[in-house]
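Trainee: Could you walk me through how we decide what to call things in this model? I would like to see the rules at work.

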Amino acid sequence: MTRFKTALTLVAAAGLALGSVTAQARDFRLGLITPPAHIWTQAATDFAQELRDQSHGQHRVSVFPSQQLGNEAQMVQQLQTGALDMAFLTIAEISNRVPDFGALYAPYLVEDIDQAAALLQSDAASRLLDQLPGSVGVVGIGYGMAGMRQVLSRTAVEGPGDLKGKKLRITPFEPIRDFYTALGSAPTPLPLPGVYDALANGQVDAIDMDFDSILVLKFYERANHLLLSNHMMFPMVGVVSGRVWRELGNDDKALIQGLMKAQLDKVIEQFRQQERDQEQQLRDLNIQIVEADRATFADAIQRWEATWSSKAKALDGLRRAAQDIKGS
Ligand code: BEZ
């Protein structure tokens, strides 16, 4: 009888132990809008592999690129309910919900990709992430980025003035909409996966885009006039659903945080390293390039500031951080 009881106790203990392993093991889903070949998607895939390896197969991450789970607004809703576990998001949808993030899109806040990288890795930018759990219901692990923004047009452009009245594709978010409205263009919000066709069928005259996407997604096949303006940086943020985060133990949180942050830092470094080379690749193609600087956008910037300096309270702090970076 005693031996029987002991055996039962052992079976129960084994069951409990097994149960607790099963309860902790997770199949996470990570969504993003970029196609499989994009650096962001590759970083998400590398994160999935690392998490699987470092958790000894306990945790898995399925990556869903190209808006397979919906656009960013839909993904944010899924993150809020816990239907989606993780995402790499442009700041666009986040800034629609938390206007302070619009400060990251201030025109000419930084002058080049090196300054963009340094600003996104500054304390001033990190502090913005503290707002995410309360305002959006997600935990911000860190920033990535794409390249500096340029304008690619189907017709000749000698300067920002030529963008007046043009249907200009933008990523769907308010700060960039306000910038092009101030410029006199007709901003046309369109997520990245729809851009090639919109250029091909004439739905838009020009697009707001970075060197990498112009090359990788071959937008230069459909528009061959580049206004090389470097007018904005383009941050990305790696997030985990707040609901999912609360269910995780401290070790898992630390593991996910460390591995995701390492991939986000790698994305920043890759864009920083390739920017000049990609500019040269575009110069070597059969496209017309005109350079534009801050002064040529002065009126539009003034109008943008009139709206956003009061709307995005973080702007002053970010500007100070950007000045420190420029001076260092
Ligand atoms: C865009 O909307 O232009 C974009 C989104 C993600 C990565 C690069 C570009």
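Mentor: Gladly! A residue is near a molecule if one of its heavy atoms lies within 4 Å of it. Here 13 residues surround the ligand, the closest being Trp40, Arg149, Arg169, Thr171 and Asp210. This is a predicted model, where local features need pLDDT of at least 70, side-chain atom pairs count only at pLDDT 80 or more, and totals for chains, interfaces and linings use all residues. Residues are numbered from 1 along each chain as its sequence is written, and side-chain values use heavy atoms, with hydrogens and water left out.

Trainee: What makes the pair between arginine 149 and the ligand a polar contact?

Mentor: A polar contact is a pair of N or O atoms within 3.5 Å. An N or O atom in the arginine 149 side chain is 2.8 Å from an oxygen atom of the ligand, so the pair fits the rule. The side chain of threonine 171 also has an N or O atom 2.8 Å from a ligand oxygen.

Trainee: How do you know how much of the ligand the protein covers?

Mentor: Accessible areas come from the Shrake-Rupley method with a 1.4 Å probe. On its own the ligand has 270 Å² of accessible area, and the protein covers 100% of that.

Trainee: Why are five residues of the shell around the ligand called nonpolar?

Mentor: Because Ala, Val, Leu, Ile, Met, Phe, Trp, Tyr, Cys and Pro count as nonpolar, Asp, Glu, Lys and Arg as charged, and the others, Gly among them, as polar. By that scheme, the shell has five nonpolar, five polar and three charged residues.

Definitions and conventions: A polar contact is a pair of N or O atoms within 3.5 Å; within protein, one must be able to donate a hydrogen and the other to accept it, and residues adjacent in sequence count only if both atoms are side-chain atoms.
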